[in-house]
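Hi,

Here's the structure I promised to pass along. Have a look at it first, and my notes on the charged pairs follow underneath.

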Amino acid sequence: MRKSEAKRLIEQAYAAWDTEEWQRAADLYEQVLAHFPDEKPSAAWWYDAALGHKFLRHWDKAFELGVQAAASASRGEGDPAFWNLGIAATIRRDWAVARDAWAGFGLDVPDGEGEIKGRFGHACVRLDTDGEREVVWIERLCPTRGRVMNVPVTGGRRYGEIVLHDGRPNGERVVDGSTFPVFDELLLFEASDLPTLEVTVAVGESADLAALLALFGDHDFGAETAGSVTVHCACCSEGTLHKEATPTRTGAQRVRLAAPEEDARRLLDRWAGEKVIGRSWSGLEITG
């Protein structure tokens, strides 16, 4: 291939990219890279080809091209080629490559072999289930994975599942002066076996409800009131939202739980039995 032909194909790739024809753009880049893998602009072509397949969710191809893109990038300088490779390697569960990619980006991850299980703080993820979107809190295990810490209202989603998210925030939540990014989900990485239940509880004072939520949390189960869910338009959800503490009310109310039914009944009985007056529950049902 002559350089004049390569230049023409690259121009076509740019045009395809501008119209979000990711497959065509990636194919054109690859045609040129097969002949000119080490030219000065080749690093950008490797990156764009890998990114196109990331957009298409073609993870094996994104990994293959991402390795080449990262090989052309400078280590320790936050080059996004390493981040995208880290995502693709994580999806393939190639933990050695993932660790090296995060290090190449400039991040510290736990040493060792096998699955990365670190403490990367808290963030939010926008779950996307067949067009249904819900923002939940996660405990980050690595730069691209987190464990869901809410009891989702979206059907088929569960407390404790591990989701894999993109690297660029798409919104933020502000709580008590601290800002947390909102990432978009790329895929469900590991499902949770904890079913979702709903129950009606009656509480005499706010401390009763707090005790119930804490009891389930102490057993690594989920519990939260139905009133903790707020609905926002897409524009607001992708902006900055200041989250206020949900007011605790007394009386009868619905609570969502994430626990095996037998354990849920045992803990509800224990909670209700701790006070003779003011605590009761009824109508426990599995909803997901």
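Let me start with Asp 208 and Arg 279, which form a salt bridge with their closest N and O atoms 2.9 Å apart. This one ties together distant parts of the chain: Asp 208 sits in helix 7 (residues 206-218), while Arg 279 belongs to strand 11 (residues 279-286), 71 residues apart from its partner. Both Asp 208 and Arg 279 are buried. The pair also has company, since salt bridges with shared partners connect Glu 205, Asp 208, Arg 270, Glu 274, Lys 275 and Arg 279 into one network. Do keep in mind that this is a predicted model.

Next up is Glu 185 with Arg 157, whose side chains meet in a salt bridge at 2.6 Å, N to O. Here too, distant parts of the chain are linked: Glu 185 lies in strand 6 (residues 178-190), and Arg 157 is in the loop between strand 3 (145-148) and strand 4 (162-165), with the two positions 28 residues apart in numbering. Glu 185 and Arg 157 are both buried.

Then there's Glu 139, which forms a salt bridge with Arg 147; the closest N and O atoms are 3.7 Å apart. How exposed are these two? Glu 139 has 24% relative accessibility, so it counts as partly exposed. Arg 147 is partly exposed as well, because its relative accessible area is 30%.

If you want to go through the rest, the structure holds 22 salt bridges, including the ones above.

Cheers

Terms used
Residues are numbered from 1 along each chain as its sequence is written. This is a predicted model: local features need pLDDT of at least 70, side-chain atom pairs count only at pLDDT 80 or more; totals for chains, interfaces and linings use all residues. Side-chain values use heavy atoms; hydrogens and water are left out. A salt bridge is a side-chain nitrogen of Lys or Arg within 4 Å of a carboxyl oxygen of Asp or Glu. Buried means under 20% relative accessible area, exposed over 50%, partly exposed in between (1.4 Å probe, protein chains only). Helices (H or I, at least four residues) and strands (E, at least two) are DSSP runs, numbered from the N terminus.
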